[in-house]
Amino acid sequence: MASQLQKDMQMLTSKAHAGRKAGGSEGPNVSAQYIHQRFEQLEYQPFYQSFEFKTGFFSTAKGHNVIATLPCTVAPCEANIVITAHYDHLGGQPSSYYAGANDNASGTSTLLLLAQSLKQVNRRHTVTFVATDAEEKGLYGAKHFVNELEVNKQTILNINLDMLAPNKRNRLYVLHSKQTKFAVELLKKQPSESLRVKIVNSRYKMQRLMDNPRIDWHKASDHYAFAKENIPYLYFGIGEDKNHHTKRDTLESLDFSRFQLVVNFINNFMVGLLDTPLEATN
Ligand SMILES: [Zn+2]
């Protein structure tokens, strides 16, 4: 039987979702509704956070983040950790669409898996799950979420998941900002099996490791919206993918067993992180 992770990947990349394009005219799209319903199945109380974004000089469209919160189990909750993954992709026609399996059905499915697994564990911190919309258009969902954050709810960390199925190099990059010491110390101790985890503290180091100076990974995904507001982040991603933003980014073209290694790694890390007190920070 297919795992829930596989099922979520299959659904999000299916013809019915037709590439998960942001900005349709009829409210939350099939993908947003699917994620909302999955959170409900897991006994969360999810909600849509709707926003407008620019599509041209004079035109706007609507996007819809899907948000669910998991309170801490050890009162008082110490901090709020926000896990993000963008669910939107490039769209297309049902006959020929951009499936966006790696980008970013992989991160979205992992977010849903975490929503299930982290319910079972000891938590010193609150977790907010945010499936963001309109990332591909300019990180609009994440920017809106950060703008709406309540000042009194202390968000200490963003964990951003974007493209998690490794290629043959079998690498997972974790780019982190400053003030993430307590998380990075734990990350370094985390067993990774055959996965080659590269923990990187600057965009330049990441460019060198990838032999490609063109992409600024600090700005490449939703974590940048948090960084701009001085919220520390950890960004998990496999780096370059030759199928990125092509119609070849399909479920068939990714290696599910390597993806599973990444999911296990992130899951184990998150379980540990939620049990790590903040005083271990600096
Ligand atoms: Zn992406």
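Is Thr 108 buried or exposed? Thr 108 is buried, at a relative accessible area of 0%, where buried means under 20%, exposed over 50% and partly exposed in between, with a 1.4 Å probe and protein chains only. Keep in mind that this is a predicted model, with local features needing pLDDT of at least 70, side-chain atom pairs counting only at pLDDT 80 or more, and totals for chains, interfaces and linings using all residues. Numbering runs from 1 along each chain as its sequence is written, and side-chain values use heavy atoms, leaving out hydrogens and water.

**Zinc site**
- The zinc ion gets its protein donors from His 86 (NE2), Asp 103 (OD) and Asp 162 (OD, listed twice), at 2.0 to 2.6 Å.
- Donors here are N, O and S atoms within 2.8 Å of the metal (3.2 Å for Na, K and Ca); water is not among the atoms, so sites may look incomplete.
- Angles among the four donor atoms run from 52 to 148°, and the site is irregular; four donors would count as tetrahedral if all angles lay between 85 and 135 degrees.
- Along the sequence, the donor residues follow the spacing H-x16-D-x58-D.
- His 86 in strand E3 (residues 80-86) and Asp 103 in helix H3 (residues 101-117) sit 17 residues apart, so the pair links distant parts of the chain.
- His 86 is buried at 0% relative accessible area, and Asp 103 is buried too, at 2%.

**Around Thr 108**
- Thr 108 belongs to helix H3, helices being DSSP runs of at least four residues and strands of at least two, numbered from the N terminus.
- Its side chain reaches the backbone oxygen of Asn 104 at 2.8 Å.
- Beyond neighbours within four places in sequence, Thr 108 contacts (heavy atoms within 4.5 Å) Leu 12, Ile 35, Ala 85, His 86 and Tyr 87.

How values were computed: Tetrahedral: all angles 85-135°; square planar, octahedral: opposite > 155°, others 65-115°. Polar contact = N/O pair within 3.5 Å; in protein donor to acceptor, adjacent residues only side chain to side chain.
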